[in-house]
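Q: Hey, got a minute to walk me through this structure? I'm new to reading these.

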Amino acid sequence: MEMKGSQLIPAPAAEVWAALLDSDVLRDCVPGCQEMAGDPEQGFEATVVQKVGPVKATFRGAVTLEDMVPPESLTLRGEGKGGAAGFAKGGARITLTEEEEGTRLDYDVEAQIGGKLAQLGSRIINSFAKKMADEFFARFRARFDTTNPGA
Amino acid sequence: MVEKYGTAQSPVDLESEALVKGQGQYTDDIAPAGALHGVFVRSTVAHGIIRSIDTAAAAELPGVLGIYTARDLADAGTNPIMFMVPLMSADGKTPVPYVSTPRPALAGDRVRHIGEAIALVVADSAGAAQDAADLVEVDIEELTAHIGTRLSEDPVEDPIWDEAPNNQAYTWYAGDQEAVQATIAASPYKVTLELNNQRLAGSPMEPRAATASFDPESGRYTLYAGSQGTMFLRKGFADALGVGMDKVHVISKDVGGGFGLKVYVYPEYVAISVAARLLGQAVRWTATRSEALQADQGGRDSHCTVTGGFDADGQLNALYCDIIGNMGAYSIGIGPRVPSSVIAENIVGPYATPLIGIRSRGVHSNTIPTSPYRGAGRPETTYMLERLMDEAAIQLDIDRVELRRRNLIDREQMPFTNQFGHVYDSGDFAAVLDGAMASSDWAGFEARRAEAATRGKLRGIGCALFVETAGAYFQEPLDFRVTEDGMVEVRVVGVSTGQRHRSTITHIACSILGIPLDKVRYIAGDSDDVPVGSPTVGSRVGQMTGSAMHIAAHSAIERGRAIVGHLSSGQPNDITFANGVYTVAGTGETMAFLDLPRRLAEARAEGREIEETLDAVETFQSPGFSFPNGCHVAEVEVDELTGEMQILNYTAVDDCGNVINHREVEAQLMGGIAQGIGQGIMEQMVYDESGQLLSGSFMDYAMPRITEMPQAMTIVDLPDPTPSNPLGAKGVGESGTTASVSTVANAVADALRARGVTNLQTPLTASRLWEAMRTASA
């Protein structure tokens with residue numbers, strides 16, 4: 001599965017960078033996230049409950065951060081195991097570019113899906129991944145949206 | 001009474017009504033009181049080393065009674081499942097070596113394909129077992145997965161079997177390789193085609209299911225499981241359990257489709273049987289459709305390069321087939337025989353080709369093992385011959401029907417011993433070709449093509465001739481008895497998986513014995529109760545069991561004549577038999593056939609000593625294969641803009657020998673044609689590079705539906721009876737599939753030829769056709 005996208009975050013690059021490495025921020029923004037712990041040096045561990053097409057599962061995953069060039073770019077590598085539901089593993093390359101209205105975040109994801117997810121969910125993986133990314137960034141962007149006091 | 005078979009046109013159908021009303025008894029309907037439920041934990045990676053299996057969380061769930069892994073099965077004395085039928089040389093005399101692939105019932109240290117069973121969870125409900133199975137954590141260290149039907153010349157990383165550094169399963173040759181190559185090289189025209197037979201899923205409507213129990217007193221296992229006949233299953237099952245054949249009792253009741261995949265023992269049957277023994281209670285398991293796609297034996301999956309050397313006048317001088325057969329992770333059933341010896345048995349086809357050579361190589365991959373699927377090598381063989389004929393016709397600029405005609409074996413040459421030693425005892429191939437041309441109005445096709453073009457449709461027509469082997473195993477026993485309550489009891493091995501065997505065999509019995517259809521008890525599928533014989537494979541039951549029935553009924557009439565002689569004042573020569581009744585000449589005394597056992601018992605009770613009985617086990621012995629043959633024609637239209645294809649007309653002219661009942665022949669042909677169309681235009685198992693199964697449900701594995709079937713179908717019987725059995729029947733179970741893959745492919749190729757499309761590979765989906773047209777016109 002491959003996915004590319006670009007988001008404009010209304011904040012300076014340094015703030016976006018810090019938020020991306022904050023386990024509390026990630027817990028709030030990752031859809032279905034139950035637990036998130038860790039730090040940029042040791043990596044993060046997370047528990048996420050999600051339903052992909054007909055497959056519902058609790059995924060336990062570990063993510064490590066590589067090639068960190070603050071506040072410009074980093075690579076995430078990780079694997080999420082959903083037990084009988086299968087697994088997903090892969091990486092995402094993230095680059096931050098400051099622009100007039102904030103920071104452009106480009107992401108390039110490459111993931112491999114296995115088990116029941118691949119068998120039953122293959123036809124919906126791409127749309128599911130896009131939906132997850134959209135939800136994540138909607139929440140992530142909202143944190144910086146000063147016109148929204150609830151964030 | 002029924003009409004004499006061979007003339008009946010109305011169906012004799014004793015089975016369908018109960019099945020469609022839900023009154024059948026399929027394996028999942030068999031639920032002994034207190035039976036427990038088993039659910040399997042399966043591998044989510046294609047190739048890897050099992051580092052740990054954590055069952056602790058699962059074991060704590062309420063209702064869970066046992067969780068079993070490879071270690072438990074080993075402790076219980078089980079053995080791996082071994083390949084049963086040796087791979088033999090083309091003459092059948094010398095064993096050909098192949099890689100030994102012991103297949104565990106539960107994977108212990110290594111997994112070799114997605115869906116391979118790793119653990120069995122048994123609970124008091126299916127739901128509890130499933131919930132617990134979801135909690136079993138298996139840690140697998142991944143190895144390089146090997147996917148695809150290709151062979152590396154060099155050793156590969158992480159070979160599937162240490163014995164096979166490049167994953168090669170076997171190498172097999174037939175024919176004089178050098179003479180064939182030299183003749184092709186010297187021929188003025190050399191035509192080569194690469195043909196891929198994609199992986200298929202057998203997909204019977206009834207998924208596999210099993211119920212196992214163990215009786216400690218007798219030390220016997222009882223297994224209920226749908227099969228095509230319990231004999232091979234029983235042998236493999238006993239071997240895997242590490243017990244003698246006398247310690248297993250295998251029963252198949254109603255079976256909803258087999259197609260080759262319900263012949264041999266499967267890992268699940270062994271695992272639930274051990275669990276049943278350890279728990280002291282019956283254990284049931286029924287596959288989900290998702291499990292069926294992951295764990296049922298796969299079909300087809302071979303890559304064929306076929307080369308023909310032709311004269312300028314179209315004579316095929318020599319033919320060479322180079323085949324790579326994908327065995328999957330393990331060699332099972334008759335897997336390695338399908339792309340090798342079965343090809344040799346069928347490759348001569350209807351043509352008088354002087355020289356034929358075959359090289360077949362097997363490759364292991366991290367996929368489900370393959371073994372026969374309806375046709376099992378016959379559709380692949382026909383595909384090579386008939387695609388080659390069409391391509392040669394283009395290159396030689398000879399009409400494709402005329403080219404075939406010039407190469408046909410003549411009826412006058414029968415009996416014809418072919419290059420691989422098989423004897424065609426009958427078969428008029430020119431007649432089936434002529435019949436198909438006439439029935440399909442082949443001559444009038446160009447006008448229909450021109451009309452279609454005005455609607456933006458590319459219309460094409462294609463034909464395929466075939467000759468295939470049928471019979472599979474040449475001995476067929478049948479246990480014939482008549483009971484004191486006046487019923488004929490027939491015990492046979494082959495289990496009907498939807499072919500209405502009971503109707504056909506009962507029809508034959510009643511026609512000969514002159515008794516009503518409801519006076520026959522047909523007994524099949526219980527290994528304790530039927531003679532040792534062969535399962536329902538290779539289009540064999542009509543001709544083989546039917547012939548055994550014919551012999552048994554006639555011999556019983558003769559024994560009955562002697563019995564009537566004892567019971568009456570008449571001499572056997574004076575006793576006539578008609579319509580189920582013996583008549584003693586002179587006295588006019590009559591006795592019904594079905595009354596004889598009762599009368600015998602009475603006579604014996606009165607102290608008379610009469611040794612004769614109506615009962616006997618009769619065995620029919622066939623001299624070899626029979627050779628069903630035919631010619632099919634398909635007419636298709638392809639939408640120029642979308643690639644969407646519709647099969648308009650399909651004509652099948654078949655010589656399956658004498659027809660016992662046309663409606664049954666028609667049903668077999670239609671079903672077979674539908675399965676071939678599935679391969680031709682839509683079905684395909686898809687694994688990604690890492691061995692993940694992407695076609696894991698019927699959302700992604702495209703099963704043919706009524707909308708894909710031909711708009712009109714014409715089925716014509718053109719029998720040229722075989723003298724090799726008393727019925728003159730040749731078999732028809734596989735003919736439809738054998739012919740239809742090639743027939744449809746040739747029609748589509750004809751439709752797209754005008755657009756410059758030359759290379760087409762099945763499945764011929766709309767997207768592939770669109771892509772092919774776009775690439776060709778670019």
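**Talking through the model**

A: Sure, let's start with a pair of strands: β2 of chain B, residues 48–54, is joined to β4(B) by 2 bridges, and the two run antiparallel. Keep in mind that this is a predicted model.

Q: Which residue stands opposite B:Ile49 in β4(B)?
A: That's B:Arg110.

Q: And what sheet do those strands form, in what order?
A: It's an open sheet of 3 strands in chain B, ordered β4-β2-β6, with antiparallel pairing. The edge strands are β4 (110–111) and β6 (137–142) of chain B, each pairing on one side only.

Q: OK, new topic. How buried is strand β3 of chain B?
A: Mostly covered: β3(B) spans residues 64–68, and 4 of its 5 residues are buried.

Q: Which strand is β3(B) joined to?
A: To β5 of chain B, residues 117–123, through 4 bridges, and those two run antiparallel. For one partnership, take B:Ile67, whose bridge partner in β5(B) is B:Val121.

Q: What about the largest nonpolar core, which residues touch the most other members?
A: There are four: B:Leu106, B:Val121, B:Ala271 and B:Val748, in a core of 248 residues. Helix α15 of chain B, residues 541–567, gives the most to this core, with 11 residues.

Q: Why would nonpolar side chains be buried together?
A: In soluble globular proteins, that's just how nonpolar side chains tend to go.

Q: What is B:Leu106 in contact with, leaving aside its neighbours within four places in sequence?
A: Quite a list, including B:Tyr68, B:Leu73, B:Ala117, B:Leu120, B:Pro267 and B:Ala271. That last one, B:Ala271, is also among the four residues touching the most other core members.

Q: Zooming out, how is chain B divided?
A: Into domain 1 (145–201 + 298–413), domain 2 (425–470 + 625–778) and domain 3 (472–621). The centres of domain 1 and domain 3 of chain B, taken over C-alpha atoms, are separated by 45 Å.

Q: How many residues does each chain give to the contact?
A: Chain A gives 13 residues and chain B gives 14 residues. On the side of chain A that touches chain B, β7 (102–114) and α3 (116–121) of chain A each supply at least two residues. By class, that side of chain A has 5 nonpolar, 7 polar and 1 charged residues.

Q: Last one: what scores does the model get?
A: ipTM is 0.85 and pTM is 0.94. For chain B, the mean pLDDT is 95, with 99% of its residues at 70 or more. Where pLDDT is low, the predicted coordinates shouldn't be read in detail.

Technical notes. Residues are numbered from 1 along each chain as its sequence is written. Chains are lettered from A and ligands numbered from 1 in the order in which they are written. This is a predicted model: local features need pLDDT of at least 70, side-chain atom pairs count only at pLDDT 80 or more; totals for chains, interfaces and linings use all residues. Two residues are in contact if their C-beta atoms, placed from the backbone, lie within 7 Å. Ala, Val, Leu, Ile, Met, Phe, Trp, Tyr, Cys and Pro count as nonpolar, Asp, Glu, Lys and Arg as charged, and the others, Gly among them, as polar. pLDDT is the predictor's confidence in each residue, from 0 to 100. A residue is buried if 20 or more other C-beta atoms lie within 10 Å of its own, exposed if 12 or fewer, and partly exposed in between; C-beta atoms are placed from the backbone. Two strands pair if DSSP finds at least two bridges between them. Domain bounds come from an automatic or database domain assignment. A nonpolar core is a set of buried Ala, Val, Leu, Ile, Met, Phe, Trp, Tyr and Cys residues joined through C-beta atoms within 7 Å.
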